[in-house]
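Hi,

Here is the structure I promised to send over. Have a look at it first, and then read on for what turned up when I went through it.

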Amino acid sequence: MSWQTYVDEHLMCDIEGQGQHLKSSAIVGHDGSVWAQSSAFPQLNASEVTDIMKDFDEPGHLAPKGLHLAGAKYMVIQGEPGAGTGGVTIKKTGQALIFGIYEEPVTPGQCNMVVERRKKKMSWQAYVDDHLMCEIEGNHLSAAAIIGQDGSVWAQSANFPQGPGGVTVKKTNMALIIGIYDEPMTPGQCNMIVERLGDYLLEQVDNSTGFV
């Protein structure tokens, strides 16, 4: 998944199904380089990015003079920059800054939720890209992913298999039970089957000296 896709489909998404969206958003490297941005995101200058980075290292640095984005000033109140009926949320990852700019009726909490959620996703993606897809004695895995127990994909490599199905994973004391399904089977049906086996294995443990 490209950085632009992250911006277009996740930062500029419909918020909570209410037909509301951030005004603009971007993913910017710590050095100020723009990885991806929405069409309306302001053009930052180097000193503005430097000030933002310094505020993460020295909380309160921006409070006296405010946060500036392309010359527009945002007052920093209780750690969240705001300007009248709107504001901005900025989250820092290991290599990037994630920006979300909003205006009413989007609330500060909604903007923070969208940006924070993307920060977590990017962190999982870094695990896939840098650790699972790393070079192993001159070789690489063909594909990799981190998938939640409910079948949701947290992060994946570009060539991870796609399809109209999913996977359910359940953990016992010593094993993982994996169920992979395609439509028309539903996530709930797959989860029920895998969960049922997990319960059965645990029952066997109660009647034996082994551990599952």
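D51 is partly exposed, with a relative accessible area of 23%. Its salt-bridge partner is K65, and the closest N and O atoms of the two are 3.1 Å apart. D51 sits in helix α2 (residues 46–57) and K65 in the loop between α2 and β3, so this pair ties together parts that are 14 residues apart in sequence. K65 also counts as partly exposed, at 37% relative accessibility. Bear in mind throughout that this is a predicted model, so please read every value here as computed.

How many salt bridges does the structure hold? There are four, and two others besides D51–K65 deserve a look.

The pair K92 and D57 has its closest N and O atoms 3.8 Å apart. This one links distant parts of the chain, since K92 is in strand β6 (residues 86–92) and D57 is in helix α2, 35 residues apart. K92 is partly exposed at 26% relative accessibility, whereas D57 is exposed, with a relative accessible area of 55%.

Next along β6, K91 meets E116 in a salt bridge, at 3.4 Å from N to O. Here too the pair links distant parts of the chain: E116 belongs to helix α3 and K91 to strand β6, with their positions 25 residues apart in sequence. Is K91 buried or exposed? K91 counts as buried, because its relative accessibility is 16% and the cut-off for buried is under 20%. E116 comes out as partly exposed, with 22%.

Now the wider view. The chain has four helices and eleven strands, and buried residues make up 35% of its 212 residues. Its accessible surface comes to about 12500 Å², and 53% of that belongs to carbon and sulfur atoms. If you take the contacts between residues at least 6 apart in sequence, 38% of them join residues at least 24 apart.

For a spot in the interior, try A26 in strand β1. A26 has 0% relative accessibility and counts as buried. Leaving out residues up to four places away in sequence, A26 touches V7, L11, A36, Q37, F41, L97, I98 and F99. The C-alpha atoms of A26 and S38 are separated by 6.2 Å, although the two are twelve residues apart along the chain.

V7 and L11 from that list come up again in helix α1, whose buried residues are Y6, V7 and L11. Those three cover an arc of only 95° around the axis, which puts them on the same side of α1. That fits the general pattern: an α-helix has 3.6 residues a turn, so residues three or four places apart point the same way.

Back to β1 (residues 24–29): three bridges join this strand to β2 (residues 34–37), and the two run antiparallel. Within that pairing, I27 stands opposite A36. The hairpin of β1 and β2 has four residues between the strands, and G32 takes a positive phi near 95° there.

Some backbone oddities you may want to click on:

- E16 has a positive phi of about 55° without being a glycine. E16 lies in the loop between α1 (3–11) and β1, and is partly exposed, with a relative accessible area of 49%.
- A70 is another residue other than glycine with a positive phi, near 50°. A70 is in the loop between β3 (67–69) and β4 (72–77) and is partly exposed at 40%.
- E104 and P105 are joined by a cis peptide bond, with omega about 15°. P105 is found in the loop between β7 (96–103) and α3 (108–132).

One last thing, on the outside. Which residues make the nonpolar surface patch of about 310 Å²? The patch is made by W124, Y127 and W154. W124 has its place in helix α3 and is partly exposed, with a relative accessible area of 33%.

Shout if you want to go through any of this together.

Cheers

Notes
Residues numbered from 1 in each chain as written. Predicted model: local features only at pLDDT ≥ 70, side-chain atom pairs only at ≥ 80, totals over all residues. Heavy atoms only, no water. Pairing = 2+ DSSP bridges. Buried < 20%, exposed > 50% of the residue type's maximum accessible area, 1.4 Å probe, protein only. Patch = residues over 30% accessible without salt bridge, like charges linked within 9 Å, V, L, I, M, F, W, Y side chains within 5 Å. Areas by Shrake-Rupley, 256 points an atom, 1.4 Å probe, with all protein chains shown as cover. Salt bridge = Lys/Arg side-chain N within 4 Å of Asp/Glu carboxyl O. Contact = heavy atoms within 4.5 Å. Arc of directions from axis to C-beta.
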